[in-house]
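Welcome! Open the model in your viewer, switch on a cartoon view, and let's walk through it one selection at a time.

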Amino acid sequence: MKSYSPVDNVMALNYPNILVTAGLHDPRVMYSESAKFVAKLRAMKTDGNLLLFKCELGAGHFSKSGRFEKLKEDAFTYAFIMKALNMIPASAPGNN
């Protein structure tokens, strides 16, 4: 079992940009498991890449319900991917 555990397999390495998501009301995986994983990664990773933890307070295992809530979550994920690929400028035009 330990070989499959993300928390037990974190090592002092360079990791890619990571977005970890959790749902407070997830009956399959408690949000604290994701939080422990992120905490251990933050303590041990040796790079400066993004590591974000997003816990949805009104969601379960399959995210929030409703079409528009799912679209908002997808937009957040796509924004993270774009940021990780340096497709989002550091400051928006006009905000100098």
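Starting at the N terminus, the elements of the chain follow the order β-α-β-α, which makes two helices and two strands. Helices here are DSSP runs of H or I with at least four residues, strands are runs of E with at least two, and both are numbered from the N terminus. The model is a predicted one: local features need pLDDT of at least 70, side-chain atom pairs count only at pLDDT 80 or more, and totals for chains, interfaces and linings use all residues. Residue numbers start from 1 along each chain as its sequence is written, and side-chain values use heavy atoms, leaving out hydrogens and water.

**Stop 1: the whole chain.** Show the surface. Its accessible area comes to about 7100 Å² (Shrake-Rupley method, 1.4 Å probe; for residues, only the protein chains shown count as cover). Carbon and sulfur atoms hold 61% of that surface. Of the 96 residues, 20% count as buried, where buried means under 20% relative accessible area, exposed means over 50%, and partly exposed lies in between (1.4 Å probe, protein chains only). Among contacts (heavy atoms within 4.5 Å) with a separation of 6 or more, 69% join residues 24 or more positions apart.

**Stop 2: helix 1.** Select residues 31–44. These 14 residues of helix 1 reach 20 Å from the first C-alpha to the last, close to the expected 20 Å, which is 1.5 Å times one less than the number of residues. Now colour Ser34, Val38 and Leu41, the buried residues of helix 1. Why do they sit on the same side of helix 1? They cover an arc of only 60° around the axis, taken from the directions from the helix axis to the C-beta atoms. Add strand 1 (18–23) and strand 2 (51–56) to your selection: the buried residues of helix 1 pack against both of these strands.

**Stop 3: Asn9.** Move to the segment before strand 1, where Asn9 lies. With a relative accessible area of 38%, Asn9 is partly exposed. Which residues does Asn9 contact, leaving aside its neighbours within four places in sequence? They are Lys2, Ser3, Tyr4 and Tyr15. For a distance to try in the viewer, take the C-alpha atoms of Asn9 and Phe37: they are 28 residues apart along the chain and separated by 9.6 Å.

**Stop 4: salt bridges.** A salt bridge is a side-chain nitrogen of Lys or Arg within 4 Å of a carboxyl oxygen of Asp or Glu, and by this rule the count is five. Begin with Glu56 and Lys54, whose closest N and O atoms are 3.1 Å apart. Glu56 is buried, at 15% relative accessible area.

Then select helix 2 (67–84). Lys72 and Glu69 form a salt bridge at 3.6 Å, N to O; because they are three residues apart in helix 2, about one helical turn separates them. Lys72 is exposed at 54%, while Glu69 is partly exposed at 27%. Asp74 and Lys70 also meet in a salt bridge, at 3.0 Å, N to O, and they are four residues apart in helix 2, again about one helical turn. Asp74 is partly exposed at 26%, and so is Lys70 at 38%.

**Stop 5: a nonpolar patch.** Finish by selecting Tyr78, Ile81, Met82, Leu85, Met87 and Ile88, which form a nonpolar patch on the surface with about 590 Å² of accessible area together. Patches are made of residues with over 30% relative accessible area and no salt bridge; like charges are joined within 9 Å and nonpolar side chains (Val, Leu, Ile, Met, Phe, Trp, Tyr) within 5 Å. Leu85 lies in the segment after helix 2 and counts as exposed at 55% relative accessibility.
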